[in-house]
Amino acid sequence: MASKSPTMFCGTCSRRNRSNEAVKYCSDCEDGLCSECFDFHGSIKTFDTHHVIDINVIEGKPLVVNKSCKVHPDMVLEYFCSDHDTMCCRSCMASDHRSCEKLMPIEVFAKGVKDSAMFEEMAKDITTLNSAVKELEDKKKKSIVSLKDNKLTVKQDVKNFKARLLKRIEVIEAALMSEIDQVHTDLSNEANDNLEKICDQRRKIQLVSEQFESVSNHGSESQIFMLMNNTKEELNCSANDFQKLLSSQKDVSLSFKESNLLAVLKLFGSVEIKEASIDIKYKPLKIQQAQSIQQQGKRPTQFQLDVKFTVPGANIVGICVTKDNRLFMCNNAGSSLFVMSDKGKPLATIQMKGRQWGIALEEDSNTAWVTLPDTQHVQTIDIVTMKKRLMYHTLVMVLL
């Protein structure tokens, strides 16, 4: 990983117990290179596509893009699936993206990324969010200072009112002063807590902004592309957090409302809290995290006929299939019920009391029920012995 110290040493030399100052930095190797190692690095064909920059570019600036797969931390992200809008490693590709048609190396998708609309929108969103958080921070700081001055003003109003009521209201005055202090303390504590949250939010956004600016200016296209995809979720979370934080912020102040103590000396007055929304011009991010789509198998584009057979002299009107793939077929052109295998091999011919129309299978009792419309009967068949059993007369209902 890149060192944050003012002077970076060559990583290759350091591993050989040498101390040579780095003059270049390879963002793919995440290593500093001295002049000699830089020449050697450039002569190796494998490193021909690596992105090398001057060492002074990375000092004190974030230029680190996470290349590890979230699902398989020991694997490196190498591919981008546009079907699922996600980066993946080789293990992810084998397990979750076998049927994806739009799966290519990151380098292919990253080509020309700085000219893409997504890059422009993300750069604009980072700037907008960072500016809005900074503006909210400044206004909250001013609000806290104003709240302190406001407290002094309210106390003076209380003292002026106290002068008209003389000593008889000293006890009530003390109680109200305590209430003012307590309300101010609570409001100040709440405001400071909110300010701390705002500062934390600003620091996070500032870090994202600096990292994005550094990688945008000095990183490779692959790094920029990977950073953009890595930053999407974090940026959306930060935007949502800021949206919630912004909606909960109120500009509070104190005021004193006099009570008619000249007639009724039960109350000295009350402390009122005035709230006003903080006006920050901010629009939600344009870039929203892509929804993950369910992986779907490829649809067949053609079908191939497996088995085709005919039953000579028959008009098959009903069929049922047993668990062992035997076909019981009703014949409406004669009294013969045919039993065949799923490959078309004749297994048996059962002579019924006339033409058949429908058939139902009850395999738990090894029985098939066959309707005979000519005689208005139902004939049962043993599907194991393939012989007739009982015949039942059916009731015909006529609707008048």
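A residue counts as buried under 20% relative accessible area and as exposed over 50%, with partly exposed for what lies in between; by this scale D85, at 28%, is partly exposed. The legends below describe close-up views of a predicted model.

**View 1. Overview of the predicted protein, with its secondary structure and its surface.** The predicted model contains 7 helices and 16 strands, and of the 400 residues of the protein, 38% count as buried. When contacts between residues at least 6 apart in sequence are considered, 52% of them join residues at least 24 apart. The protein exposes about 24700 Å², of which carbon and sulfur atoms supply 51%.

**View 2. The aromatic pair of F80 and F225, in which a strand meets a helix.** A search of the whole structure finds 4 aromatic pairs, and one of them joins F80 and F225 in an edge-to-face arrangement, with 5.1 Å from centre to centre and 85° between the planes. Because F80 belongs to strand β4 (residues 79–81) and F225 to helix α7 (residues 221–248), this pair ties together parts that are 145 residues apart in sequence. Both F80 and F225 are buried. Ring pairs also bring in F109, so that F80, F109 and F225 are linked into a cluster.

**View 3. The tilted pair of F161 and F256.** The ring centres of F161 and F256 lie 6.0 Å apart and their planes stand at 55°, so the pair is classed as tilted. With F161 in helix α5 (residues 117–165) and F256 in strand β7 (residues 250–258), the pair ties together parts that are 95 residues apart in sequence. The relative accessible area of F161 is 4% and that of F256 is 14%; each value falls under the 20% limit, which means that F161 is buried and that F256 is buried.

**View 4. The lysine K24 over the face of F38.** K24 is placed over the face of the F38 ring, at 5.5 Å from the ring centre.

**View 5. The largest nonpolar core and the surroundings of L129.** In soluble globular proteins, nonpolar side chains tend to be buried together. The largest nonpolar core of this model holds 40 residues, among which I106, L129 and F242 touch the most other members. At least two residues of this core are supplied by each of β4, β5 (86–88), α4 (106–110), α5, α6 (170–218) and α7, and the largest share, 10 residues, comes from α7. Once its neighbours within four places in sequence are left aside, L129 is in contact with I205, L235, S238, A239, F242 and Y282.

**View 6. The loop residue D85, which has a positive phi.** D85 is found in the loop between β4 and β5, and its phi is near 55°, a positive value in a residue other than glycine. The relative accessible area of D85 is 28%; a value between the limits of 20% and 50% counts as partly exposed, and therefore D85 is described as partly exposed.

**View 7. The loop residue N366, which has a positive phi.** N366 is found in the loop between β13 (359–362) and β14 (367–372), where its phi is positive, at about 55°, although N366 is not a glycine. With a relative accessible area of 32%, N366 is partly exposed.

Terms used:
Residues are numbered from 1 along each chain as its sequence is written. This is a predicted model: local features need pLDDT of at least 70, side-chain atom pairs count only at pLDDT 80 or more; totals for chains, interfaces and linings use all residues. Side-chain values use heavy atoms; hydrogens and water are left out. Helices (H or I, at least four residues) and strands (E, at least two) are DSSP runs, numbered from the N terminus. Buried means under 20% relative accessible area, exposed over 50%, partly exposed in between (1.4 Å probe, protein chains only). Contact means heavy atoms within 4.5 Å. Accessible areas come from the Shrake-Rupley method with a 1.4 Å probe; for residues, only the protein chains shown count as cover. Rings of Phe, Tyr and Trp (its six-membered ring) pair if their centres lie within 6.5 Å; planes under 30 degrees apart count as stacked, over 60 as edge-to-face and the rest as tilted. A charge sits over a ring if NZ of Lys or CZ of Arg is within 6 Å of the ring centre and within 35 degrees of the ring normal. A nonpolar core is a set of buried Ala, Val, Leu, Ile, Met, Phe, Trp, Tyr and Cys residues joined through side-chain atoms within 4.5 Å.
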